[in-house]
Amino acid sequence: MSHRGTAEKRTAKSDPIFRNQLVNMVVNRIMKDGKKSLSCQILYRAVKKIQQKTETNPLLVLHQAIRRVTPNIAVKRRHNKKGSTRKVPIEIGSQQGRALAIRWLLEASQKHPGRNMAFKLSSELVDAAKGSGGGIRKK
């Protein structure tokens with residue numbers, strides 16, 4: 001047991017434009033080297049492209065893509081008495097599953113051939129919402 005108290009849970013802040021926590025989580029995950037304004041631009045351009053492609057609410061497409069990619073079981077390694085390791089399926093919580101889904105979607109979109117990150121991210125999100133794409137394969 002630690003001598004310090006338990007860490008208090010922090011809630012994610014919501015995005016200034018869409019007022020959505022999930023959008024802010026994606027922005028923070030895109031961000032590299034502390035350049036948050038650049039990651040905001042990338043996501044907002046991707047949202048515009050989703051709006052043009054699907055002609056529906058882009059936030060619904062984002063939610064549906066993340067919901068489809070979110071895993072409910074993860075595989076972890078466990079040691080047995082003889083020293084060998086086995087892979088054991090373990091249920092994971094919604095927060096960790098959502099974080100994994102966002103990570104997988106961004107990795108799959110970075111692997112896409114394309115012009116810029118906004119274009120690649122929008123096409124990956126649309127594919128994931130339909131039930132195909134790299135993020136779904138990773139799941």
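This passage walks through the overall fold, one helix pair and a handful of residues in a predicted model.

Starting with the big picture, the protein chain has six helices and two strands. Going along the sequence, these line up as α-α-α-β-β-α-α-α, with the two strands sitting between three helices on either side. The C-alpha atoms fit in a box of roughly 55 × 35 × 25 Å along the principal axes. The chain runs to 139 residues, and 35% of them count as buried. As for contacts with a separation of 6 or more, 51% come from residues 24 or more positions apart.

Next comes a pair of packed helices. In general, such a pair is described by the angle between the axes and the distance between them. Here the partners are H1 (residues 21–30) and H4 (residues 94–111), which pack at about 50° with their axes 10 Å apart. An angle from 35 up to 65 degrees falls outside both the roughly parallel and the roughly perpendicular ranges, so H1 and H4 are oblique to each other. Their crossing is right-handed. On the H1 side, the residues involved are Leu22, Met25, Val26, Arg29 and Ile30, and these meet Arg98, Ile102, Arg103 and Leu106 from H4. Sorted by type, the residues of this contact come out as six nonpolar, three charged and no polar.

Ile30 of H1 turns up again around Ser39, a residue of helix H2 (residues 36–54). Apart from neighbours within four places in sequence, Ser39 is in contact with Val27, Ile30 and Met31. Ser39 has a relative accessible area of 2%, so it counts as buried, the cut-off being under 20%. Its side chain also reaches back to the backbone oxygen of Lys36, at 2.8 Å.

Helix H3 (residues 58–69) holds another buried residue, Leu59. With a relative accessible area of 14%, Leu59 is also under the 20% cut-off and therefore buried. Setting aside neighbours within four places in sequence, its contacts are Phe18, Asn20 and Val23. Val23 is 36 residues away from Leu59 in sequence, yet the two C-alpha atoms are 8.4 Å apart in space.

Over in helix H5 (residues 117–130) sits Asp127. This one is neither buried nor exposed: its relative accessible area is 26%, which makes it partly exposed because the value lies between the 20% and 50% cut-offs. Beyond its neighbours within four places in sequence, Asp127 is in contact with His112, Ser132 and Gly133. Asp127 and Val61 are 66 residues apart in sequence, and their C-alpha atoms are 9.7 Å apart in space.

Finally, two loop residues have a backbone worth a look. Asp33, in the loop between H1 and H2, has a phi near 55°, a positive value in a residue other than glycine. Glu55, in the loop between H2 and H3, likewise has a positive phi of about 55° without being a glycine. Both are out at the surface by the accessibility numbers: Asp33 is exposed at a relative accessible area of 77%, and Glu55 counts as exposed at 67%.

How values were computed
Residues numbered from 1 in each chain as written. Predicted model: local features only at pLDDT ≥ 70, side-chain atom pairs only at ≥ 80, totals over all residues. Heavy atoms only, no water. Helix = DSSP H or I, 4+ residues; strand = E, 2+ residues; numbered from the N terminus. Buried < 20%, exposed > 50% of the residue type's maximum accessible area, 1.4 Å probe, protein only. Contact = heavy atoms within 4.5 Å. Polar contact = N/O pair within 3.5 Å; in protein donor to acceptor, adjacent residues only side chain to side chain. Axes fitted to C-alpha atoms, helices over the stretch in contact; angles between N-to-C directions. Parallel < 35°, antiparallel > 145°, perpendicular 65-115°, else oblique. Left-handed = near helix turned anticlockwise from the far one by under 90°. Nonpolar A, V, L, I, M, F, W, Y, C, P; charged D, E, K, R; others polar.
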